[in-house]
Amino acid sequence: MSTETLRRYAAEREKRLRSGGREYVRVREAFAEQPADPHQPMRPREPVRDEVEFAFVGGGFAGLLTAARVRDAGLAPEDVRIIDSAGDLGGVWYWNRYPGLMCDTSSLIYMPLLEETGHRPTERYAHGPEIAAHCRRIGRQYGLYENALLHTSVTRAEWLEGESRWLVETDRGDAFRTRHLGMGMGPLSIAKLPAIPGIADFSGPWFHTSRWDYSVTGGSPEGAPLTELAGRRVAVIGTGATAIQAIPELAKSGAEVLVFQRTPTSVDVRDNGPVDPERFAELAAHPGWQARLLDNFTRVWDGHRLGEEGEVEDLIGDGWTDLGRRLRAAVRSVPPEEAGPEAYARAVAQADLAKMDEIRARVDAVVEDPVARDGLKAWYSQLCKRPGFHDEYLQSFNLPHVRLVDTDGRGVERITERGVVVGGEEHPVDVIVYATGFEYSADPSASCGFELAGSGGRTLAEAWSGGMRTLHGIHVHGFPNLFVQQLVQGAFLSSNVPHNYTHAADAIAAVLAHARATGADRVEATAEAQEEWVRMLVDNARPMNRSDCTPGYYNNEGQAAPERVRYNVGHPGGAFVFFDHLERWRRNGDFRGLGFSSPAERAAAEKPEEGAASDRAGEAPAQALAGGA
Ligand code: NDP
């Protein structure tokens, strides 16, 4: 292990921690004059006062997958309602339209429901417009538009105990009832800006990448050239996963591009290219192909935790699975007599170091200017930040009109009327693009933006004030008929987020099918099962917040996390083990940990002499699941 490299890692981390400046503001709250939706005008409509079976807050992948699965389980289009503040379905793929936008894990596993829709991705890493169109395709195929409320934000949801329904209120005056309520707003959906002094003083146009303003830049999300930028000076602030995709496109516009960097991203080979139609047809000829690919990716990614003997075939073969295979090989190289968590951790750290050396060597091989070359090297463990992959990003810095302004870990100092100040020097620019990311919240009660009041009026924020508590990351005691689609206390798989939603959607649909088949109008996690689940997670947790990492949203910007963050963990066995658990749980059909009840059973429970209420999970016939998930 190179101590010199580790010393450099620590020094770079300390430098960033000392320089502070890690406060952010929400774009919408700080700059109300920014349009709520620059992509589509909002159309007037009458408030809705009806009732549905299943409403889901969020029209991104989580909502689309869940709605598709509950439709498969027998709900009609009019029974299902998606609500989203965007003007169309798609979630982040609606909002993000920046040039160069593409998915970051293979399209074959990232794009949901490929098998069901028959869509063949055109590229190994599909570009944004194709993914947005796919979201709309899912919406059409499953009839999700008919009843959707778009350009609509939920303001409050309240459990009506006597009716066993949720009452949902919105900013469009709606007040409708739903038997079941789901929510999945994504872990990174609230755009943030750094709280840099003077940010509002800039006299030219500026925008966040998730609200790209093509009226300023020219061009289009589909790749038309950004003609309006020719001859202008454009500042890009931030060098995360978004910036590394957008900068090569800005570089093609003829603009002078100044890239303001606080921490470099590790940028490995992307190797994008077309999906071969013949090979895809071969793949798609075998039903269940996408589920198999998803499982294979996660099995390879998580391989170092699974302790499996023999070789595991890698069906994806990209930078993510390369990393997974390396970590597995490292763990397997530990001699049996030394086996144990410490030896494994050392082996993994060694493999990580070797990988990062390769990534730094790639910078040396690609970037010609010695100053940029030095600045673009990442000095931290690869999984301290989201690893980047791109075939043109580093190459952009060889163009005479693209310049790296490295802030040496300090960040941009100030914005003036004319430009961007770093180290006391003002860099005059015409346009500022903030590629400064999204507020990360593992806790949907904090980021959902509305009050969710469960049994007895207790809100989700109150229930989770001491830390998040769920069963499987989906069900919450005290919040009947609520289903949360998110990563925490489940797989917590961040390398391919839709895989989390796929399994959770199957589980939610199976629960709904079971409730319908058995006449139950109320389903809720029992307090005991929830406590048992949370204890198992917390007592065996492998915290993601590595304190030795360079600061970023993965580790709470390097700051000590409050006690409640201890609950923001995934299954200790890893994603593959969790998915396997959840699948067996739903297929088994006894739904251990959930209590189902009908009005008659609850009435009987209130009159003990006439019979006790039953926790009926486990009593339903297995065929109750027919058609479900
Ligand atoms: P990130 O949070 O990853 O990056 C924000 C960038 O802004 C960082 O480089 C940060 O520096 C920088 N920054 C913040 N404040 C300042 C400042 N004051 N001065 C200079 N720089 C500053 O946001 P992204 O939008 O890039 O990515 C967020 C996440 O979204 C990714 O991690 C990924 O999960 C997802 N994503 C997925 C994509 C896909 O699948 N296609 C594409 C893009 C994003 P520092 O590192 O020092 O904090």
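Strands E10 and E13 (residues 402-406) run parallel to each other, joined by five bridges. That pairing is a good place to begin a tour of this structure, which is a predicted model. From there, the briefing moves to the ligand and the 28 residues that surround it, then to a three-strand sheet ordered E1-E7-E18, and finally to a few individual residues.

**Strand E10 and its partners**

- Strand E10 covers residues 256-261, and five of its six residues are buried, so the strand is mostly covered under the cut-off of 20% relative accessible area.
- On the E13 side, valine 257 has valine 402 as its bridge partner.
- E10 also pairs with strand E9 (residues 233-237), again in the parallel sense and over five bridges.
- Valine 257 turns up here too, as the bridge partner of valine 234.
- Helix H9 (residues 241-251) belongs to this part of the model as well: E9, H9 and E10 form a right-handed β-α-β unit.

**Around the ligand**

- Which residues come closest to the ligand? They are Met102, Thr242, Thr263, Lys385 and Tyr553, out of a shell of 28 residues.
- Helix H9, the helix of the β-α-β unit, gives the most to this shell, with three residues.
- By character, the shell consists of 14 nonpolar, nine polar and five charged residues.
- Arginine 262 places a polar side-chain atom 2.8 Å from an oxygen atom of the ligand.
- Backbone N or O atoms also come into play: one of aspartate 104 lies 3.5 Å from a ligand oxygen, and one of alanine 435 lies 3.4 Å from a ligand oxygen.
- Of the 920 Å² of accessible area that the ligand has on its own, the protein covers 90%.

**A three-strand sheet**

- As a reminder, strands of a sheet pair through backbone hydrogen bonds, in either a parallel or an antiparallel way.
- The open sheet with the order E1-E7-E18 uses antiparallel pairing.
- Strand E1 (24-26) and strand E18 (438-439) are the edge strands; each has a single partner strand, so one side of each lacks a neighbour in the sheet.
- Strand E7 (residues 190-194) and E18 are antiparallel and joined by two bridges.
- In that pairing, isoleucine 190 has glutamate 439 of E18 as its bridge partner.

**Two residues with positive phi**

- Most residues other than glycine have a negative phi, and the next two residues are worth a look with that in mind.
- Histidine 472 has a positive phi, near 65°, and sits in the loop between helix H18 (460-463) and strand E20 (482-484).
- Is histidine 472 buried or exposed? Histidine 472 counts as buried because its relative accessibility is 3%.
- Phenylalanine 492 also has a positive phi, of about 55°, without being a glycine.
- Phenylalanine 492 lies in the loop between E20 and helix H19 (497-518), and with a relative accessible area of 15% it is buried.

**Glutamate 158**

- You can find glutamate 158 in strand E4 (residues 154-160).
- Glutamate 158 counts as partly exposed because its relative accessibility is 27%, a value between the 20% and 50% cut-offs.
- How far apart are glutamate 158 and valine 80 in sequence and in space? They are separated by 78 residues in sequence and by 18 Å in space, C-alpha to C-alpha.

Terms used. Residues are numbered from 1 along each chain as its sequence is written. This is a predicted model: local features need pLDDT of at least 70, side-chain atom pairs count only at pLDDT 80 or more; totals for chains, interfaces and linings use all residues. Side-chain values use heavy atoms; hydrogens and water are left out. Buried means under 20% relative accessible area, exposed over 50%, partly exposed in between (1.4 Å probe, protein chains only). Helices (H or I, at least four residues) and strands (E, at least two) are DSSP runs, numbered from the N terminus. Two strands pair if DSSP finds at least two bridges between them. A crossover is right-handed if, with the strands pointing away from the viewer, the path from the first strand over the helix to the second runs clockwise. A residue is near a molecule or strand if one of its heavy atoms lies within 4 Å of it. A polar contact is a pair of N or O atoms within 3.5 Å; within protein, one must be able to donate a hydrogen and the other to accept it, and residues adjacent in sequence count only if both atoms are side-chain atoms. Accessible areas come from the Shrake-Rupley method with a 1.4 Å probe; for residues, only the protein chains shown count as cover. Ala, Val, Leu, Ile, Met, Phe, Trp, Tyr, Cys and Pro count as nonpolar, Asp, Glu, Lys and Arg as charged, and the others, Gly among them, as polar.
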